[in-house]
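Q: I am new to this structure and would like a close look at a single part of it. Could you walk me through one helix and then show me how the rest of the chain fits around that picture?

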Amino acid sequence: MVIGLTVVAFGTSLPEFVTSFTAALKGSHDMALGNIVGSNIFNVLVIVGCSALVRPILISKSTVRKDIPFALLATLALIVVSLDTLWDDGQLPDTISRTDGMLLLGYFCIFMCYTFSLARNRCAMPEPDQTEENVSVPSPMPYTRILLYVVIGLLGLIFGGNLFVDSATKIAQRLGVSETIIGLTLVAAGTSLPELATSVVAARKGCSSIAIGNVIGSNIFNIFFVMGVCASVSPIRAGDISYFDLGWMCVSVLMLWFFSYTRRTIERWEGGIMVCVYLVYLSYLIHQA
């Protein structure tokens, strides 16, 4: 679960970071925020849903009581910092300011401290079957190869992020739809493909903790770190993100929490419901476009 919340989640969320950061630098604020909101909705409804369809996902008690509520807190935090018009009686435009970005980064530090403390506690109390005899330690990879992979991966992300943002902007212009709709749909689904592949493969191999931890960690990472960094560098206008989109993001997390809380298992039929709910949301966006 710790690996899913951190290493896997952060690695699969790098496309969201590069794409949203690039969009923010280029002034495409609607696409930057739409990518975060759309990716989080896609992560919960489609990725968890598809993973559960492949194999029912077992949810630990700690995930139900701590991890999913933390993801809900992150969702509510993004809603609060996005709706300035609602809180200030229409006197201020909806903007995620640099102060809001620093606040989100502060929450990210709290989340990391919590996760590392969780890792230390679990390392201090190893599982009974994790003895030295049955733990296989892979041979270490040379540092030169590790560095080479990191450089190639970063170059690919930077090039792909720029190409993705430019192409998505042109698609929006040609179709005559807003960048927000493109960010909520095409960009969000595209940048979430690593999470989808990782969680489905993990679910198929019976690694439920990695599958669910990847989604929860990615959602928290997207809001606290990605949006925090983007807003700290360039304030993000949130005018075109509707209350409906933000509310749907909150409802998706609540649905995940409810399905996890009932029997601490997300069954196949529950996964099917989550995918159907996303299709309804997608149909609404297409109709609005």
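A: Let's start with Tyr149, which sits in helix α6, a helix covering residues 143-175. Please keep in mind that this is a predicted model. Is Tyr149 buried, exposed or partly exposed? Tyr149 has a relative accessible area of 48%, and because the partly exposed class runs between 20% and 50%, Tyr149 is counted as partly exposed.

Tyr149 also has company at the surface. Together with Met141, Tyr143, Ile146, Leu148, Val150, Ile152, Leu154 and Ile158, Tyr149 forms a nonpolar surface patch. The accessible area of these residues together is about 930 Å².

Further along, helix α6 also holds Ser167. Ser167 is partly exposed too, with a relative accessibility of 33%. If you would like to step from here to another stretch of the chain, look for Val187: Ser167 and Val187 are 20 residues apart along the chain, and their C-alpha atoms are separated by 9.9 Å.

Now for another pair of helices. Helix α3 spans residues 61-82 and helix α10 spans residues 243-263. Their axes come within 10 Å and cross at roughly 170 degrees. Since an angle over 145 degrees counts as roughly antiparallel, α3 and α10 are roughly antiparallel to each other. You can follow their meeting from both sides: on α3, the residues involved include Val64, Ile68, Leu72, Leu76 and Ile79, while on α10 they include Leu246, Met249, Val253, Trp257 and Tyr261. Pro69 and Ser82 of α3 also take part, as do Cys250 and Ser260 of α10.

Just past α10 there is a residue worth a visit. Arg264 lies in the loop between α10 and β4, the strand at 265-266. The phi angle of Arg264 is near 55 degrees, a positive value in a residue other than glycine. With 38% relative accessibility, Arg264 is partly exposed.

Finally, let's step back to the chain as a whole. The chain has 11 helices and 4 strands. Of its 289 residues, 49% are buried. The accessible surface of the chain is about 14100 Å², and carbon and sulfur atoms account for 68% of that surface. As for contacts between residues at least 6 apart in sequence, 83% of them join residues at least 24 apart.

How values were computed
Residues numbered from 1 in each chain as written. Predicted model: local features only at pLDDT ≥ 70, side-chain atom pairs only at ≥ 80, totals over all residues. Heavy atoms only, no water. Patch = residues over 30% accessible without salt bridge, like charges linked within 9 Å, V, L, I, M, F, W, Y side chains within 5 Å. Areas by Shrake-Rupley, 256 points an atom, 1.4 Å probe, with all protein chains shown as cover. Salt bridge = Lys/Arg side-chain N within 4 Å of Asp/Glu carboxyl O. Helix = DSSP H or I, 4+ residues; strand = E, 2+ residues; numbered from the N terminus. Buried < 20%, exposed > 50% of the residue type's maximum accessible area, 1.4 Å probe, protein only. Axes fitted to C-alpha atoms, helices over the stretch in contact; angles between N-to-C directions. Parallel < 35°, antiparallel > 145°, perpendicular 65-115°, else oblique. Contact = heavy atoms within 4.5 Å.
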